[in-house]
4 protein chains.
Amino acid sequence: MILVIRPDATLEQIDHVIERVRDLGYTPHVSRGESRTIIGVIGDEAKPGTENFSAIPGVEQVLRIMKPFKLASREFHKSDSSVYVGKVKIGGGSLAMIAGPCAIEGYEVLDTIAKYVKAGGANILRGGAFKPRTSPYAFQGMGEDGLKILRDVGDKYDMPVVTEVMDPRQVDLVCRYADMLQIGARNMQNFDLLKECGKAMKPVLLKRGMSATVKDLLMSAEYVLSEGNKDVVLCERGVRSFEDSTRNMLDMSAVPNVKGQSHLPIIVDPSHATGRPDLIPSMCRASVAAGSDGIHVEVHNCPEKALSDGPQALLPHQFLDLMGDLRRLAVALGREFWAPPEK
Amino acid sequence: MILVIRPDATLEQIDHVIERVRDLGYTPHVSRGESRTIIGVIGDEAKPGTENFSAIPGVEQVLRIMKPFKLASREFHKSDSSVYVGKVKIGGGSLAMIAGPCAIEGYEVLDTIAKYVKAGGANILRGGAFKPRTSPYAFQGMGEDGLKILRDVGDKYDMPVVTEVMDPRQVDLVCRYADMLQIGARNMQNFDLLKECGKAMKPVLLKRGMSATVKDLLMSAEYVLSEGNKDVVLCERGVRSFEDSTRNMLDMSAVPNVKGQSHLPIIVDPSHATGRPDLIPSMCRASVAAGSDGIHVEVHNCPEKALSDGPQALLPHQFLDLMGDLRRLAVALGREFWAPPEK
Amino acid sequence: MILVIRPDATLEQIDHVIERVRDLGYTPHVSRGESRTIIGVIGDEAKPGTENFSAIPGVEQVLRIMKPFKLASREFHKSDSSVYVGKVKIGGGSLAMIAGPCAIEGYEVLDTIAKYVKAGGANILRGGAFKPRTSPYAFQGMGEDGLKILRDVGDKYDMPVVTEVMDPRQVDLVCRYADMLQIGARNMQNFDLLKECGKAMKPVLLKRGMSATVKDLLMSAEYVLSEGNKDVVLCERGVRSFEDSTRNMLDMSAVPNVKGQSHLPIIVDPSHATGRPDLIPSMCRASVAAGSDGIHVEVHNCPEKALSDGPQALLPHQFLDLMGDLRRLAVALGREFWAPPEK
Amino acid sequence: MILVIRPDATLEQIDHVIERVRDLGYTPHVSRGESRTIIGVIGDEAKPGTENFSAIPGVEQVLRIMKPFKLASREFHKSDSSVYVGKVKIGGGSLAMIAGPCAIEGYEVLDTIAKYVKAGGANILRGGAFKPRTSPYAFQGMGEDGLKILRDVGDKYDMPVVTEVMDPRQVDLVCRYADMLQIGARNMQNFDLLKECGKAMKPVLLKRGMSATVKDLLMSAEYVLSEGNKDVVLCERGVRSFEDSTRNMLDMSAVPNVKGQSHLPIIVDPSHATGRPDLIPSMCRASVAAGSDGIHVEVHNCPEKALSDGPQALLPHQFLDLMGDLRRLAVALGREFWAPPEK
């Protein structure tokens, strides 16, 4: 860490800054330039208390050198991590295709959709039983009944299942039915939920918040990792922007950006990122080409009657076409979608 | 609601759209223009299912006419609401000054700060016992011990107290000690927490999320209101932007913008919005001039030793000066900070 | 266009709105719903004056149905356009690779870089002679001397050349040397420059502004097209966002988004979008997979001595590796980089 | 400037970095921490070439300490500058009220509006003769005929006049008629226009670009100042954001933020910032309370027939009411709107 001293700071103030640096257990390293004095602060930047250096009178700027996360960082764990969801491997060249409806609406609808996505080559089934809805008057999900349906349909088609958990009180319940816990974008900084999922024995799919930087996303992963759960998969799903013709703005560069800083797998969700079925296939292709470890996409056999987010769902035949394209593309890039061993 | 039909839609598709409109209990009103057919959808727009109109084949755009919130809207409640926190009235010309440290750090520190802010004219004391921190390694708050201190110090200085609640499981506990529940920016769309606070018998201070529109903020208020809790105070605290010299961007126009659409009181928090003590006083003045129902500001007697957010705290003497300015300004604008009746 | 009337509008106001609609040459189509009256405005939305409908007393909202651009729209020109820069075809399955240094710094440097990018398979050479620099104290470009060098080096390697024009007064000069005029992001709404380039007989490379929506970009293209120049290639180069680890945020979905609305070719510039050589190769791959008609990338043989934007340049060997990857990917996707016919 | 070296940099790389620092005329100051080596670069940071430090192999980060502008900085000029537009003083406690229609539409309309705004206490008249319009099909302004009308009406009511200049070729012409040159938001980084206005002998009103940081704005002011023109007034007019209920987001904190870093006067334009007459009066009040040196507001006597931006104009009676409020507020804050000496 480096402290830049104001040009008008008094000697007394500078002495006080140096004293505070020493008090907090760091070694100060003073250097006087033409227009500014700077103080190098040598020691572990992640310790509590360092954020206050900028509150010391005479300090103009605090420049951080180190990343604020550890367990999530590539410096801590050099090689790519991979995460198993049931038998399905995510990361290390093995691609996940997580597909299904936005919400679980009943056995029959989910069964129909699962049959299609399984046929297309999806390897993990998704569906929401607890739904974060902007309006209190919108469908809020089927709850435990939905979880049971998800489990049954997943078992029928031999697919592990992922579903969102919104409330720390739901974690135990969801763990009984699901193979992977999804933390939604709106909860990326719901720290009590992160901690509770960090204690669970299930892999976590952590979605990027709508105004979260890549660093914020990795700090939230750090919350889960620091509770002992090593199985975290990140998900880019678009951020808020001024562009009003898409639901969010898909930050495609987050894929290599995360991979440079972290060993964790990262997948992309073009459904929520764009909100537009006409843009989803090309964004899936781009995600695979960008180096993503998988895709998360919503599929519905009758979007106009879906209970949640119908307008952004792909139709089954669109999903089948897309998977054909993606498999060819993956091969050209030396990777492949995980598939069960043929019998 | 208005459905714009694609220019290349078939007659069969248009008939199907009309049928779906009727199925959902609305009356369709078809009108053919030079280049587009449009269908007016007459009925209550807030009903579930309307979001799916855009998923019907042949529909190009769905234009909404009505606001999606009701209880929070000015159409529902014409006159300004005011909210009582203990004896303190917020709204209807009566200004709140909510002041105190970011986090409760111990009895003595809080006692010192409370003495100063009371002397300056603050009418509600704030302090966090549960802290949402970006890093899992940062100070996470004193928990119930902190709540006890807050209650004691509030009582000593005859000030009602507000503190953040982060987890639905904490609501009962926090209600035992606090006069007002704060829902932080990161939890503005933590819908389970909103519902739990909606069931509590305490007023709620709901902060705007970092990427929330004014409409999103009012929808979150609607969650609290729809559970039966009518005492909601909104808080503008800055949103994420590309400007990197302030912590967030204070959206000052949100004050009159909210007041045009909603009867709920709204206050401004320049501490989190700017993150810079040099900008806080002028932003407080501007907030009062913009028509805000109060101010939320962080004060610390020794920012360089604060356990959370020290760099953005005002010093006690800065707070005293600021309050002098604000009182004069309020008078010039025909309003006043709430103060206990003189004995 | 649809006018939504305020619920408290008087009959007199509504009559006045209807009269104004007729005055401007449109046919009003009134429809009364449960809570709002709406007036359909039938006629050409692009006519001047329609923006003022929202200023008529009693009008609450104006909802536009039509796109505000015509010549750039896919409704006007159904099939994909392609643009020739010298012999090089951009669009219609033919990919451009525009490569070269940020600024022209002298004959030798450009000659060296051009040799490398030609060897890698670049088909258009770029280099700036007039540089838009944030600081007045930074290198501003070599001007006409630079243009001469660009022309000479382009001819030596048989590559057409593109260079930026910043000022309407430079258009004639730049046309004497360059095969394509680049309008930079900062000038995307420099309307006098757009008009001047619209009168020139050279194809135009129009970069998206840092806070421009896709619609804004197409409106700026409309300025060039409406002056008679049909050869416009669009370029996504990232927009401003809160993410501070990349220079800008690459809006990859702009590629299919533009292609849905417009017939014009669109390429991607990952150099300016990310500002980071470690992210450029994967973003180039993603761009090709997303359906882009080409790539614009900066290459320098000695970035640490470059006179402009060195830190974001690829090294020659990185460029060679990248082109190998991109060619394989293009083949897998049924497209190819334009190359001169072998002799 | 400080260079942070990568943890895996070789000694050879570090030596090369040190050599490059010396080559560029700086003194390196090396310091080895626990996890990183850092190199202080002592000397003038604003010199060309320093941006390339981050392109030297082994350099991880470049941290800048100094501001990149000089003439615009408060370090260069400690006390507040004031700027005279004709007789009207802007800055130093003297407030400007710049009012008038968006576009000059003819003598009669401008005469009517000028009479009203003069009566209300406006001290500078505005009106556009060259209009930057998003659409090529919209009214583009009256050109020189408009300038003549503006001059005549300004003289009639004894008000200096300001008008936008969009093209470097127009600067001489506009200087013949106007007392102040406005550079619009879309041209804030039209560097040739900035230079041309820097050579003119007229004060400049420089509007903040829609995606410009405060630093970017001051760098653009530096362009004008560095050509010799010392009379620059800055204008905050809102930036692009995700909030879709206002035209832009008014960054009110830019006022004290600029004042902390620069001696230049800054005013606020709530008309373009919000685009909504219902929000303009409270934002004008807030601007004055925030410490702005003036206000820029659009007024029209018949917004529904205005040729440009009618929907955001205040009506004359709204302007009169607003000025009454603002004068009272200014008095309470110890400032006043400039007014001609009474005879």
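**View 1. Polar and charged pairs across the interface of chain A and chain B.** Across the interface of chain A and chain B in this predicted model, 26 residue pairs are in polar contact, both residues of a pair having pLDDT 80 or more. A polar contact here is a pair of N or O atoms within 3.5 Å, of which, within protein, one must be able to donate a hydrogen and the other to accept it, and residues adjacent in sequence count only if both atoms are side-chain atoms. The rule also finds six salt bridges between chain A and chain B, a salt bridge being a side-chain nitrogen of Lys or Arg within 4 Å of a carboxyl oxygen of Asp or Glu. In one salt bridge the side chain of B:Arg169 meets that of A:Glu196, at 3.1 Å from N to O.

**View 2. The side of chain A that touches chain B.** At least two residues of this side are supplied by each of α1 (11–23), α5 (191–199) and α6 (214–226) of chain A, where helices are DSSP runs (H or I, at least four residues) and strands are DSSP runs (E, at least two), numbered from the N terminus. The largest share, five residues, comes from α6(A). Sorted by class, the side of chain A that touches chain B holds 20 nonpolar, 15 polar and 15 charged residues; Ala, Val, Leu, Ile, Met, Phe, Trp, Tyr, Cys and Pro count as nonpolar, Asp, Glu, Lys and Arg as charged, and the others, Gly among them, as polar.

**View 3. Extent of the contact between chain A and chain B.** Chain A and chain B each give 50 residues to the contact, which means heavy atoms within 4.5 Å. The two chains bury about 4,300 Å² between them, 46% of it on carbon and sulfur atoms; buried area is the accessible area (1.4 Å probe) that two parts lose on being put together, summed over both. In chain A, the residues that lose the most area to chain B are A:Tyr137, A:Arg169 and A:Glu304, which together account for 17% of what that side buries.

**View 4. The axis relating chain A and chain B.** A turn of 180 degrees, with a shift of 0.0 Å along the axis, lays chain A on chain B with an RMSD of 0.0 Å, and that is the relation of a two-fold axis. The copies are superposed by least squares on the C-alpha atoms of residues with pLDDT of at least 70 in both. Of the residues of chain A, A:Ser211 comes closest to the rotation axis, with its C-alpha at 2.8 Å.

**View 5. The interface of chain D and chain A.** Here 24 residues of chain D are in contact with 24 residues of chain A, and the two chains bury about 1,800 Å² between them, 65% of it on carbon and sulfur atoms. There are two salt bridges between chain D and chain A, including the one in which the side chains of A:Glu75 and D:Arg36 meet at 2.8 Å, N to O. The side of chain D that touches chain A takes two or more residues from each of β1 (2–5), β2 (27–32), β3 (37–42) and β4 (59–63) of chain D.

**Notes on numbering and values.** Residues are numbered from 1 along each chain as its sequence is written, and chains are lettered from A and ligands numbered from 1 in the order in which they are written. In this predicted model, local features need pLDDT of at least 70 and side-chain atom pairs count only at pLDDT 80 or more, while totals for chains, interfaces and linings use all residues, and side-chain values use heavy atoms, with hydrogens and water left out.
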